[in-house]
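Trainee: I'm new to this one and would like a close look at a single part. Could you pick one spot on the inside, take me through it slowly, and then show me what else the chain builds?

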Amino acid sequence: MTRPARPVPRRSARFTPWRAPAIAGLLTTGVAITGTTASFSGDELATYNAATRSLDALWELAKHIDGHFLPYYLFMHLWTLLGGHAEWWMRLPSAIGVGIAAALLTDLGRRLHGTAAGLCAAAIFAVLPSVSFHGANARPYAFAAAAAALSAWALHRVLERPTRGRLAGYAGAVALLGCTHLFSALVLPAQVLAALCHRVPLLRFLPALAAGCVPMAVLGVIGYQERHAISWIQPAEPEILLRYPKMLTGSVPVGWALLLLAVAGLAVLWRRGRAGAVLVAGWLLLPPPLLLTISALITPAYVDRYLFPAAPALALAAGIAVASLGRLAVPVIVIVAALGLPTQADYRQRNGHYDDFPGAVQVIKDRARPGDAIIYGQSRLRTGFGYYADGPLPDDVLRVGTAPSATGFGYPERSDVAAALAGRRRVWVVWRGTKEEGLSGSKIPVIEKVRDAGFRLAFAWHSAELPGLTVTLFTR
């Protein structure tokens, strides 16, 4: 008599622990890089300018400006060596960065409140307009958001069981956080409060935190010495905090809707455990007043993109609330996504990053004549016009040499404008800013020198967004 065959065990339909985070990360990366036609912004061109220098030249640049960005510029230097300088390739690391943030949110939400909370948090994060913007932006802010999520995830593991390995992992996450952007450190006070609330042994936690903060401290000293690089930032008043939801999400209706959901989510989380609630609440709410305090006491520094590392916390808190709605969760996420669609569309236009370099180049090419000259109101604009020019531009009569400045993102120029324009009948003058800033004020000093040389305005064009790019033609 033969024995009956054993039934083949069926594989579980449930996700393995990292399958859901991986899918969430891939989908978020896909959303970030899909459909954008935005021109590089001036800041992205600074990344291109830095990344395409030799290592010696990059080190020299870092000793004068953007030294705290050196880890990011070094990474982008290696990245461009691998794949070139195309827009999509230079933005791909940021798209991967927001994908990593979404993956970590999925698992952190699961740990704090269950699988549904993690999936809802990742879905909300993926549809934020600000995630699409920074995920298609060749700057370090997506990296900062991912590192903030990583440090929170690593801390939660420490709170569960403070082993040496987990403490070392947390120290590494904090070190990575400091290497992405200095102001990403604004998320750390929340982590300290969560550790205190959970009563983690401080003699083990504080050394790990201190070790992780070493790169941040070094880069902070460098950043303070080079704070002239953000001298353009104006002092902020406390009422700017009311713009925080929009700053965090990129959209006013999305921001306020999610903030209301986040408050409900924090209340749900508080009933489950104080440490988790303190971690997420502090991560979301402390960075704006801390940045405002820094702006008041040290140097004006309140800029919306510096707060983007708190965006995962907003998505996490809102995701916990949405997950509590049961079957209504999906419709709520769809509504949130729909509220952000106009901003999503704006960010994907050619002028979506507020600098339409291809449009400005095309305006000149359509009207340029042999013998025309071109002058840049800000020397660093040459990088953008050179990047997008498919062919020769008018003669760059002020430029000296071929390499950018060793100590900045501009280019060496001669100062004798009248002599440089001798014999010229037409000169194009371009600048970043509105028409009025250049034509009526003193913000673009070279325009007065062009007028003194005998030229008068004949044509002016400005891109759709502010401050945007202005292209003018002056003739004798």
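Mentor: Let's take Trp79, and bear in mind that this is a predicted model. The relative accessible area of Trp79 is 15%, and under 20% counts as buried, so Trp79 is a buried residue. Its ring partner is Trp89, which is also buried, again at 15% relative accessibility. How do the two rings sit against each other, in terms of centres and planes? The centres of the Trp79 and Trp89 rings are 4.2 Å apart and the planes meet at 10 degrees; planes under 30 degrees apart count as stacked, so that is what this pair is. Trp79 belongs to helix 4 (residues 70–83) and Trp89 to helix 5 (residues 87–113), with the two positions 10 residues apart, so to speak, from one to the other.These two tryptophans have company. Phe69, Tyr72, Tyr73, Phe75, Trp88 and Phe143 join Trp79 and Trp89 in a cluster linked by ring pairs. Across the whole structure, a search turns up 20 aromatic pairs.

Helix 5 isn't the end of the story on this side of the chain. Look at Thr29, which sits in helix 1 (residues 19–33). Thr29 has a relative accessible area of 14%, and that is why it counts as buried. Setting aside neighbours within four places in sequence, Thr29 is in contact with Ala95, Ile96 and Gly99.

Now step back to the nonpolar interior. The largest nonpolar core has 128 residues, and the members that touch the most others are Phe125, Tyr170, Leu258, Trp283 and Phe385. Helix 8 (residues 141–160) contributes the most to this core, with 13 residues. A separate core of 18 residues lies apart from it, and Val397, Ala420, Val429 and Ala453 are among its members.

Two of those well-connected residues are worth a visit. Trp283 is one of the buried residues of helix 15, along with Ala275, Gly276, Ala277, Leu279, Val280, Ala281, Gly282 and Leu284. Helix 15 (residues 274–285) is mostly covered, with nine of its 12 residues buried. From first C-alpha to last, helix 15 reaches 16 Å, close to the 16 Å expected at 1.5 Å a residue. As for Phe385, beyond its neighbours within four places in sequence it is in contact with Phe357, Ala360, Val361, Ile364, Tyr376, Leu393 and Val430.

Tyr376 leads us to the sheet. Five strands form an open sheet in the order 2-1-3-5-4, and the pairing is mixed. Strand 2 and strand 4 (456–462) are at the edges with a single partner strand each, so one side of each has no neighbour in the sheet. Is strand 1 (residues 373–376) covered on one side or both? Both: Ala373 and Ile375 are buried on one face, and Ile374 and Tyr376 are buried on the other.

Strand 1 runs parallel to strand 3 (residues 426–432), and four bridges join the two. Within that pairing, Tyr376 has Val430 as its bridge partner, while Ile375 is matched with Val429. Strand 1 is also parallel to strand 2 (residues 395–396), with two bridges joining them. There, Ile374 is partnered by Asp396. To get from strand 1 to strand 2, the chain passes through helix 21 (residues 381–388), making a right-handed β-α-β crossover.

Notes. Residues numbered from 1 in each chain as written. Predicted model: local features only at pLDDT ≥ 70, side-chain atom pairs only at ≥ 80, totals over all residues. Heavy atoms only, no water. Core = buried A, V, L, I, M, F, W, Y, C linked by side-chain atoms within 4.5 Å. Buried < 20%, exposed > 50% of the residue type's maximum accessible area, 1.4 Å probe, protein only. Contact = heavy atoms within 4.5 Å. Pairing = 2+ DSSP bridges. Right-handed = clockwise from strand over helix to strand, strands pointing away. Expected span 1.5 Å × (residues − 1). Phe/Tyr/Trp six-rings, centres within 6.5 Å; stacked < 30°, edge-to-face > 60°.
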